Amino acid sequence: MNKIKLVTVCFIIQDNDILIGKKRKDSFKRLSGNWHVPAGSEDNNDFAEADDFENLVKNVAKREMKEETNLDIGVEEIIDISYIAKLDAPKSTVVTWVHCENLKTSELKFGDDLEDVKWVKIEKLYNNISPNTVYSMPASVRVFLKSLVK
């Protein structure tokens, strides 16, 4: 039976900036050594503390962003949900793309599998992240990001 993994991609917006992170080269993940929009996957505690899918996504986003950026965030909305089927792999993936707000209660610093974090202007996002991240964004996410440019 094919299991499903939940990944949450977090667009943390502050003023006209968006937060990006650089994966450690030794993290052995797909985006190792590259700048990307911070993301993470569920763990068992996220399921235990959620009573529905929306709260599960929020729990994953909050925990992962605390681990990776030290920021406390609020989840404003789920922008898109994508399903990536991998018939020959043990897991398929559900990717949620979420709009988050920096609650400004803690200091920004990188952690977990990141080696750096920085704020970039929203209109410069595509020039500052891995092409793999850009190409994987659904059209609805691109429309959302375009709507934020002032």
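Which side chain does a polar contact of 2.9 Å join to that of T96? The partner is T8, whose side chain meets the side chain of T96 at that distance. The structure described here is a predicted model, and every value below was computed from it.

**T96 and its surroundings**

T96 belongs to strand β6. With a relative accessibility of 0%, this residue counts as buried. Apart from neighbours within four places in sequence, T96 is in contact with L6, V7, T8, V9, F53, V57, D80 and I81. T8 therefore appears both in this list of contacts and as the partner in the polar contact of 2.9 Å, while T96 counts as buried at 0%.

**The aromatic pair and the largest core**

A pair of aromatic rings is described by the distance of the centres and the angle of the planes. The structure holds 1 aromatic pair. It is formed by F11 and W97, whose ring centres are 6.2 Å apart and whose planes meet at 20°, so the pair is stacked. F11 is part of strand β1 (residues 3–14) and W97 of strand β6 (residues 91–102), so the pair ties together parts that are 86 residues apart in sequence. Both F11 and W97 are buried.

In soluble globular proteins, nonpolar side chains tend to be buried together. The largest nonpolar core of this model has 22 residues, and F11, I18, W97, L125, M137 and L145 are those with the most contacts inside it. At least two residues of this core come from each of β1, β2 (17–23), β6 and α5 (139–148). M137 touches F11, V37, W97, L125, Y126, I129, R142 and L145, when residues up to four places away in sequence are not counted. Both members of the aromatic pair are thus among the residues touched by M137. Another core lies apart from the largest one; it has 17 residues, including C10, V57, V60 and V98.

**Charged groups over rings**

Two aromatic residues have a charged side chain over the ring, as listed here.

| Charged residue | Ring | Distance from ring centre |
|---|---|---|
| K118 | W35 | 4.5 Å |
| R142 | Y126 | 5.8 Å |

R142 and Y126 are also both touched by M137, and both are in contact with V134. V134 is placed in helix α4 (residues 131–135) and counts as buried at 10% relative accessibility. Beyond neighbours within four places in sequence, the contacts of V134 are Y126, I129 and R142. Its C-alpha atom is separated by 24 Å from that of L108, which is 26 residues away along the chain.

**Helices α1, α2 and α5**

D46 is located in helix α1 (residues 44–48) and counts as buried, at 3% relative accessibility. The side chain of D46 reaches the backbone nitrogen of D43 at 2.9 Å. Outside the four nearest places in sequence, D46 is in contact with S41, L56, N59, V60 and R63. L56, N59, V60 and R63 are also among the buried residues of α2.

Helix α2 (residues 53–69) has 17 residues and reaches 24 Å from its first C-alpha to its last, close to the 24 Å expected at 1.5 Å a residue. Its buried residues are L56, V57, N59, V60, A61, R63, E64, M65, E68 and T69. Of these, V57 and V60 are also named in the core of 17 residues.

In helix α5, K146 is exposed, with a relative accessible area of 67%. K146 and E123 are 23 residues apart in sequence, and their C-alpha atoms are 7.7 Å apart in space.

**Positive phi in two loops**

Most residues other than glycine have a negative phi. Which values of phi and accessibility are found for N70? N70 has a positive phi near 70° and is buried, with a relative accessible area of 19%. N70 comes just after α2, in the loop between α2 and β5 (73–84).

D112 is not a glycine, yet has a positive phi of about 55°. This residue is found in the loop between β6 and β7 (114–121). At 43% relative accessibility, D112 counts as partly exposed, whereas N70 is buried.

Notes. Residues are numbered from 1 along each chain as its sequence is written. This is a predicted model: local features need pLDDT of at least 70, side-chain atom pairs count only at pLDDT 80 or more; totals for chains, interfaces and linings use all residues. Side-chain values use heavy atoms; hydrogens and water are left out. Rings of Phe, Tyr and Trp (its six-membered ring) pair if their centres lie within 6.5 Å; planes under 30 degrees apart count as stacked, over 60 as edge-to-face and the rest as tilted. Helices (H or I, at least four residues) and strands (E, at least two) are DSSP runs, numbered from the N terminus. Buried means under 20% relative accessible area, exposed over 50%, partly exposed in between (1.4 Å probe, protein chains only). A charge sits over a ring if NZ of Lys or CZ of Arg is within 6 Å of the ring centre and within 35 degrees of the ring normal. A polar contact is a pair of N or O atoms within 3.5 Å; within protein, one must be able to donate a hydrogen and the other to accept it, and residues adjacent in sequence count only if both atoms are side-chain atoms. Contact means heavy atoms within 4.5 Å. A nonpolar core is a set of buried Ala, Val, Leu, Ile, Met, Phe, Trp, Tyr and Cys residues joined through side-chain atoms within 4.5 Å. The expected span of a helix is 1.5 Å times one less than its number of residues.
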